[in-house]
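Before reading on, please bring up the sequence and the coordinates side by side, so that each step can be followed on the structure itself.

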Amino acid sequence: MNNTVENVVIIGSGPGGHTAAIYAARANLNPLLYEGFMAGGVAAGGQLTTTTEIENFPGFKTIGGPELMHHMREQAIHCGTRIRTETISKVDLSQRPFKVYSEEGDVILAKTIIIATGATAKRMRVPHEDDLWQKGISACAVCDGALPIFRNQPLVVIGGGDTAVEEATYLTKFASKVYLVHRRNELRASKAMQQRAFTNPKLEMVWDAQLEDVFGEKYLEGVKVKNLKTGHTYDLEAKGLFYAIGHTPNTAFLEGQIKTDESGYILTEPDSTLTSVPGVFAAGDVQDKRYRQAITSAGTGCMAALDAEHFLATEASGGH
Ligand code: FAD
Ligand code: NDP
């Protein structure tokens with residue numbers, strides 16, 4: 001074990017992690033960022049590396065997801081961040097300095113930690129899904145729904161929660177029709193959301209139905225759906241398929257040492273990135289199941305670095 005005690009170790013490499021790194025580096029905290037190596041099945045750089053064009057990140061009319069993340073990484077390095085391409089497998093938050101363990105065997109001591117490990121959208125992995133992923137299939141309607149390929153076309157949303165209804169309702173602005181395919185015959189979504197779904201003339205509920213497969217030559221042309229009550233399988237024409245079956249926050253490696261909600265999202269104090277462990281901060285989708293955007297992740301990444309800086313300054317002056 002190296003006995004150097006780092007000021008700030010940042011875990012995660014999406015917009016939250018890199019923004020935290022930029023701010024921490026500019027505050028002369030000499031941050032060390034672990035970007036992961038296919039952590040949770042996603043490349044370093046996070047969820048945006050799995051998509052094509054981003055049209056809602058300020059400063060770029062349009063930019064490729066991987067390219068945007070490359071710029072953020074370069075900027076973090078330019079400001080003085082040290083980046084290691086390893087995944088953090090474990091942390092010990094029981095005493096300070098904290099211990100951070102990488103899969104490759106690094107053991108790092110840290111005065112503060114910023115967790116920005118993000119969340120992974122759940123997918124169903126039906127047989128031909130990988131062939132058409134991002135060619136009509138997406139896990140984020142707010143991100144991709146306005147693309148020209150979906151305009152005035154029939155679209156399918158899978159799920160029955162608030163996200164599914166919200167995204168299906170949003171898509172009706174662009175689509176000719178939206179099928180909301182749900183595996184049961186009642187929605188999990190709140191009553192207010194249900195009301196929205198049932199009164200929208202462009203939205204059609206497909207109850208008791210399970211997605212079996214997808215088809216299309218170059219782009220998605222339709223989906224195969226099975227009625228779970230009758231066993232009957234049929235095709236629905238659709239140019240877009242949007243999963244809204246939940247996300248998994250990447251918090252398993254914390255082994256319960258930080259308070260989370262029942263789904264595993266880190267709980268932060270209101271208007272801050274403070275977690276239940278003093279000196280540990282959380283930014284981005286790992287603590288946000290509501291907004292889940294690149295810009296909101298970047299915003300909380302900035303907040304986490306400022307919170308860590310304040311924590312270290314207070315400690316240095318004998319506070320806490
Ligand atoms: P993430 O992007 O989730 O990245 C965190 C990364 O940290 C992980 O992916 C992994 O590489 C790394 N990591 C995880 N665990 C560890 C570990 N234990 N050790 C080390 N590293 C680890 N948002 C928009 O604003 N506009 C869009 O157009 C848009 N399009 C999207 C399209 C798709 C297909 C998806 C899935 C999402 C899209 N989003 C979009 C949402 C956006 O990508 C997320 O809100 C944002 O990336 C979250 O950033 P984050 O910093 O929380 O972390
Ligand atoms: P939820 O877990 O609430 O809902 C997931 C939905 O996907 C459920 O209807 C579930 O079905 C379905 N589902 C899960 N796995 C599968 C699968 N393998 N195959 C088919 N269907 C599947 O996730 P949400 O993302 O909708 O919501 C997460 C949280 O965020 C909730 O607390 C929600 O209230 C909140 N939220 C609030 C919003 C708001 O207030 N504006 C907007 C968006 C989210 P089943 O019902 O049968 O379990």
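What follows goes through a sheet and then the surroundings of a ligand.

The model is a predicted one, and a good place to begin is an open sheet of five strands, which are arranged in the order S10-S17-S11-S12-S13 with parallel pairing. Strand S10 (137-138) and strand S13 (203-206) form the edges, each of them pairing on one side only. In general, the strands of a sheet pair through backbone hydrogen bonds, and such pairing may be parallel or antiparallel. Within this sheet, strand S11 (residues 154-158) and strand S12 (residues 177-181) run parallel and are joined by five bridges, one of which can be traced from Pro154 to its partner in S12, Lys177.

From the sheet we turn to ligand 2, which has 16 residues around it, with Asp162, Thr163, Arg183, Arg184 and Arg188 coming nearest. Sorted by class, this shell consists of six charged, six polar and four nonpolar residues, and helix H5 (residues 162-171) makes the greatest contribution to it, supplying three residues.

Several polar atoms can be placed with some precision. An N or O atom in the side chain of Asp162 lies 2.6 Å from an oxygen atom of ligand 2, while a backbone N or O atom of Gly160 is 2.9 Å from an oxygen atom of the ligand. For Glu166, a polar side-chain atom is found 3.1 Å from a nitrogen atom of ligand 2. Taken on its own, ligand 2 has 910 Å² of accessible area, of which the protein covers 71%.

Technical notes: Residues numbered from 1 in each chain as written. Chains lettered and ligands numbered in written order. Predicted model: local features only at pLDDT ≥ 70, side-chain atom pairs only at ≥ 80, totals over all residues. Heavy atoms only, no water. Near = heavy atom within 4 Å. Polar contact = N/O pair within 3.5 Å; in protein donor to acceptor, adjacent residues only side chain to side chain. Areas by Shrake-Rupley, 256 points an atom, 1.4 Å probe, with all protein chains shown as cover. Helix = DSSP H or I, 4+ residues; strand = E, 2+ residues; numbered from the N terminus. Nonpolar A, V, L, I, M, F, W, Y, C, P; charged D, E, K, R; others polar. Pairing = 2+ DSSP bridges.
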